Amino acid sequence: MSEVETNQIITLTDEEGQEHEFEVLEVLELEAKTYTILQPLEGAEEEAIILRLEKDAEGNDTLVGIEDDEEWEKVAEAYDTLLFEDGNTDAE
């Protein structure tokens, strides 16, 4: 079970050792994998990022970048679909 939840604030450390805070916009299950959509708290003009949730050698949750363009597109499309459905719940 994932420790990452929607609306949670998490801190990630980049390659240079700098910490950045993100809000978890969504946690998606897609093709037996878990993905997170994260929005940076600083620099609201920055786009959200998509990371895959995996377990490390000790069984702890870890977020990793998606290097496969096709995988990234599938997750982005699933998130867009979710946003569209949520945004149109009143239009019946």
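Start by selecting Lys 55 and Asp 61: Lys 55 stands opposite Asp 61, which belongs to strand E5. Strands (E, at least two residues) and helices (H or I, at least four residues) are DSSP runs, numbered from the N terminus. This is a predicted model, in which local features need pLDDT of at least 70 and side-chain atom pairs count only at pLDDT 80 or more, while totals for chains, interfaces and linings use all residues. Residues are numbered from 1 along each chain as its sequence is written, and side-chain values use heavy atoms, with hydrogens and water left out.

**The E4-E5 hairpin**

Now select residues 49-55, which are strand E4; five bridges join E4 to E5, and the two run antiparallel. Two strands count as paired if DSSP finds at least two bridges between them. Another pair to mark is Glu 54 with its bridge partner in E5, Thr 62. E4 and E5 form a hairpin with five residues between them, and Gly 59 in the turn has a positive phi of about 85°.

**The whole sheet**

Show the five strands together. They form an open sheet in the order E1-E2-E3-E4-E5, with antiparallel pairing. Strand E1 (9-13) and strand E5 (61-65) stand at the edges, each with a single partner strand, so one side of each has no neighbour in the sheet. On average, neighbouring strands of the sheet are turned by 45° against each other, direction ignored; the axes behind this angle are lines fitted to C-alpha atoms.

**From E1 to E4**

Select E1 and residues 19-30, which are strand E2: five bridges join the two, and they run antiparallel. Ile 9 has Glu 23 in E2 as its bridge partner. Five residues lie between E1 and E2 in their hairpin, and Gly 17 in that turn has a positive phi of about 85°.

Next add residues 33-40, strand E3, which is joined to E2 by eight bridges and runs antiparallel to it. Val 27 has Thr 36 in E3 as its bridge partner. This hairpin of E2 and E3 has two residues between the strands, and Glu 31 in the turn has a positive phi of about 50°.

E3 is in turn joined to E4 by five bridges, again antiparallel. Select Thr 36 once more: its bridge partner in E4 is Leu 51.

**The nonpolar cores**

Select Leu 28, Tyr 35, Ile 37, Ile 50, Ile 66, Val 75, Ala 76 and Tyr 79, the eight residues of the largest nonpolar core. Such a core is a set of buried Ala, Val, Leu, Ile, Met, Phe, Trp, Tyr and Cys residues joined through side-chain atoms within 4.5 Å; buried means under 20% relative accessible area (1.4 Å probe, protein chains only). E3 and helix H1 (69-87) are the elements that give two or more residues to this core. H1 gives the most, with three residues.

Centre on Val 75. Not counting residues up to four places away in sequence, Val 75 touches Leu 28, Leu 30, Tyr 35, Ile 37 and Ile 50, where contact means heavy atoms within 4.5 Å. Another core, of seven residues, lies apart from the largest one; among its members are Val 4, Ile 10, Leu 51 and Leu 53.

**Last stop: Arg 52**

Select Arg 52, found in strand E4. Is Arg 52 buried or exposed? Arg 52 is buried, with a relative accessible area of 14%. Leaving aside neighbours within four places in sequence, the residues in contact with Arg 52 include Lys 33, Tyr 35, Thr 62, Leu 63 and Glu 71. Its side chain makes a polar contact with the side chain of Glu 54 (2.6 Å). A polar contact is a pair of N or O atoms within 3.5 Å; within protein, one must be able to donate a hydrogen and the other to accept it, and residues adjacent in sequence count only if both atoms are side-chain atoms.

Technical notes. Axes are lines fitted to C-alpha atoms, for helices over the stretch in contact, and angles run from 0 to 180 degrees between N-to-C directions. Buried means under 20% relative accessible area, exposed over 50%, partly exposed in between (1.4 Å probe, protein chains only).
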